[in-house]
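Morning, everyone. Please pull up the model on your screens, and I'll walk you through a few packing details.

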Amino acid sequence: MRCGQRPAGSFSSGAARLPRLRYGAAGAGLLRRRGGSMEEREGDVRWDGLCSRDAAARAAALEHLGQAVLRRGGAAAAPRVLARLLLLAKRCPFRDVREKSEAILSGVQELGIRIPRPLGHGPSRFIPEKETIQVGNEDAMMHTLFAESFATLGRLDNVTLVMVFHPQYLESFLKTQHYLLQMDGPLPLHYRHYIGIMAAARHQCSYLVNLHVNDFLHVGGDPKWLNGLENAPQKLQNLGELNKMLAHRPWLITKEHIEQLLKTEENSWSLAELIHAVVLLTHYHSLASFTFGCGISPEIDCEGGHTFRPPSVSNYCICDMTNGYHGVDDINASPTTTESVCEVEALMEKMKQLQECRDEEEASQEEMATRFEREKRESMFVCSSEDEESAPTRDVSRHFEDTSYGYKDFSRHGMHVPTFRAQDYSWEDHGYSLVNRLYPDVGQLLDEKFHIAYNLTYNTMAMHKDVDTSMLRRAIWNYIHCMFGIRYDDYDYGEINQLLDRSFKVYIKTVVCTPEKTTKRMYDSFWRQFEHSEKGQTTLSPLPLLTTPSAPQVHVNLLLVEARMQAELLYALRAITRYMT
């Protein structure tokens with residue numbers, strides 16, 4: 001197995017409990033936003049208490065909020081306050097908060113003040129809103145998960161609302177991210193969010209940058225740092241080189257790069273701090289891939305998520321907008337069922353034939369190595385028609401240096417980098433223990449997340465049930481690692497060309513290597529049979545979400561981002577191990 005072999009935690013049918021916060025001295029500022037005893041203010045407006053699990057505490061907070069906003073003829077109703085009220089009215093899992101926020105906005109409107117409305121339709125630009133879960137209509141199990149997420153993070157973000165297609169993975173993801181950002185650890189809280197900004201900015205991911213700019217400020221970060229990386233402490237500036245190599249060319253990382261960070265006198269990193277930073281960087285590089293790969297929309301209260309302009313309804317009526325009708329996109333949404341079913345049948349036949357070939361004969365090690373090198377070489381020539389240079393905007397590029405540095409294929413003419421052999425350094429045998437030793441519990445959390453993503457299956461393809469999709473999932477995972485030069489001696493790379501067509505390879509490479517270039521056209525067309533594969537009710541959740549066309553495509557993106565994160569980690573952790581030995 002190519003990822004964690006330790007048992008993964010199962011998704012319980014009851015509450016999905018995130019670990020409780022343990023605030024160190026650096027964590028006190030976090031309470032301002034998380035609904036603790038300290039308060040968060042915007043003028044006279046206080047938001048603390050709205051995230052409480054206690055209905056009475058929320059009622060008191062809502063009463064104070066309404067009075068503060070409507071006092072003095074709505075003088076406290078600043079645009080930022082109204083945008084946040086809109087977010088609560090649309091995306092809070094607590095019904096009382098949604099209804100009261102809506103009532104406050106109506107009161108502001110009655111005072112003659114223009115109120116905002118959401119832009120876009122739902123949490124994703126790629127997935128029709130009617131296929132996503134509507135907050136307020138979730139079942140009891142999902143409500144518990146949403147309430148835990150909201151109480152812990154202070155919001156129910158769009159990434160969560162898309163990942164909920166696969167709740168077992170979502171639970172593991174939220175636990176891991178919560179631990180990295182909020183639990184006791186080597187790095188102070190504001191450093192963690194700033195590193196998240198640095199990592200997301202490498203892929204021009206304004207969605208993640210905006211979220212963490214807000215979080216950075218809420219935990220007491222210095223606003224001057226946001227004017228550019230050159231305004232941050234030298235210690236963080238020194239991390240820039242590792243950040244860009246991990247994001248774009250991780251195979252170039254050596255023990256010398258690690259030594260430079262650990263032996264820079266007063267600006268040096270400890271080993272534990274560096275492990276924490278590396279995990280954060282790889283987490284947000286891969287999360288940028290998910291954000292672009294699923295077309296995540298801006299948060300309602302962030303730039304691009306709302307407008308104060310009145311709606312334009314030139315082509316269809318407003319009732320269609322509220323019911324999730326998206327106009328032209330819905331008309332040409334997918335291929336015919338007949339075409340898709342035929343493709344599924346062909347794929348299943350290929351898997352059957354490959355399995356028979358495995359049983360009849362086994363290729364020699366020399367032939368396996370040759371097939372790997374061929375696949376690695378061919379991956380160089382996989383590129384999308386949208387593959388043009390794009391200049392990052394100043395708002396994002398200021399958070400990292402060397403904006404011209406980007407992805408380059410593993411092997412270029414006149415240049416050779418040795419293949420990374422997984423049998424010499426693997427996550428299971430080396431990376432896991434190193435991370436767990438220097439940053440306790442994180443190795444286990446990552447291992448569980450890798451394990452769930454790699455093994456997640458509903459054993460169905462189109463109308464076919466009890467289908468073993470492990471061959472397909474392994475081909476996707478190993479193709480991504482192949483693009484990064486990582487080879488598994490026991491895998492026949494000839495299977496990749498049999499199972500993954502060129503359009504799918506284009507999508508994989510774009511989302512993993514240059515996610516900012518992912519388009520809706522690529523998402524819609526990358527593999528048409530996925531719109532009818534691996535769907536159906538499961539024992540994990542009674543959600544009808546798992547029967548929607550988008551669930552398998554989101555599943556593919558989970559495989560892509562976890563395989564990418566593990567590949568980046570392997571190169572960084574191998575370099576750290578070599579430095580230590």
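One definition before the counts: helices here are DSSP runs of H or I with at least four residues, and strands are E runs of at least two, numbered from the N terminus. By that scheme the protein has 25 helices and eight strands. Keep in mind that this is a predicted model.

Now the overall numbers. The protein has 581 residues, and 58% of them count as buried. The exposed surface comes to about 23,400 Å². Carbon and sulfur atoms supply 49% of that area. Next, contacts. Take those in the protein with a separation of 6 or more: 77% of them join residues 24 or more positions apart.

On to helix packing. Two packed helices are described by the angle between their axes and the distance between the axes. I'll use H7, residues 167-182, as the reference.

Which angle does H7 make with H13? About 135°, with the axes 11 Å apart. H13 covers residues 271-293. Angles over 145 degrees would count as roughly antiparallel; this pair is therefore oblique. The crossing of H7 past H13 is left-handed. From H7, the contact uses Phe173, Gln177, Leu180 and Leu181. From H13, it uses His276, Val279, Leu280, His283, Tyr284 and Leu287. By class, that contact has seven nonpolar residues, three polar and no charged.

Second partner: H20, residues 442-455. How do H7 and H20 cross? At roughly 155°, with axes that come within 9 Å. That angle makes H7 roughly antiparallel to H20. The crossing is left-handed here too. On the H7 side we have Gln168, Tyr169, Ser172, Phe173, Lys175, Thr176, Tyr179 and Leu180. They meet Val442, Leu445, Leu446, Glu448, Lys449, Ile452 and Ala453 in H20. The classes for H7 with H20 are nine nonpolar, three polar and three charged.

Look at Phe173 and Leu180 again. Both appear in the contact with H13, and both appear in the contact with H20.

Last stop, a loop residue. Where is Gly136? In the loop between strand S3, 117-118, and helix H5, 140-153. Is Gly136 buried or exposed? Neither: its relative accessibility is 37%, so Gly136 counts as partly exposed. Now find Cys92, 44 residues from Gly136 along the chain. The two C-alpha atoms are separated by 8.3 Å.

That's my tour. Questions, please.

Technical notes: Residues numbered from 1 in each chain as written. Predicted model: local features only at pLDDT ≥ 70, side-chain atom pairs only at ≥ 80, totals over all residues. Heavy atoms only, no water. Axes fitted to C-alpha atoms, helices over the stretch in contact; angles between N-to-C directions. Parallel < 35°, antiparallel > 145°, perpendicular 65-115°, else oblique. Left-handed = near helix turned anticlockwise from the far one by under 90°. Contact = heavy atoms within 4.5 Å. Nonpolar A, V, L, I, M, F, W, Y, C, P; charged D, E, K, R; others polar. Buried < 20%, exposed > 50% of the residue type's maximum accessible area, 1.4 Å probe, protein only. Areas by Shrake-Rupley, 256 points an atom, 1.4 Å probe, with all protein chains shown as cover.
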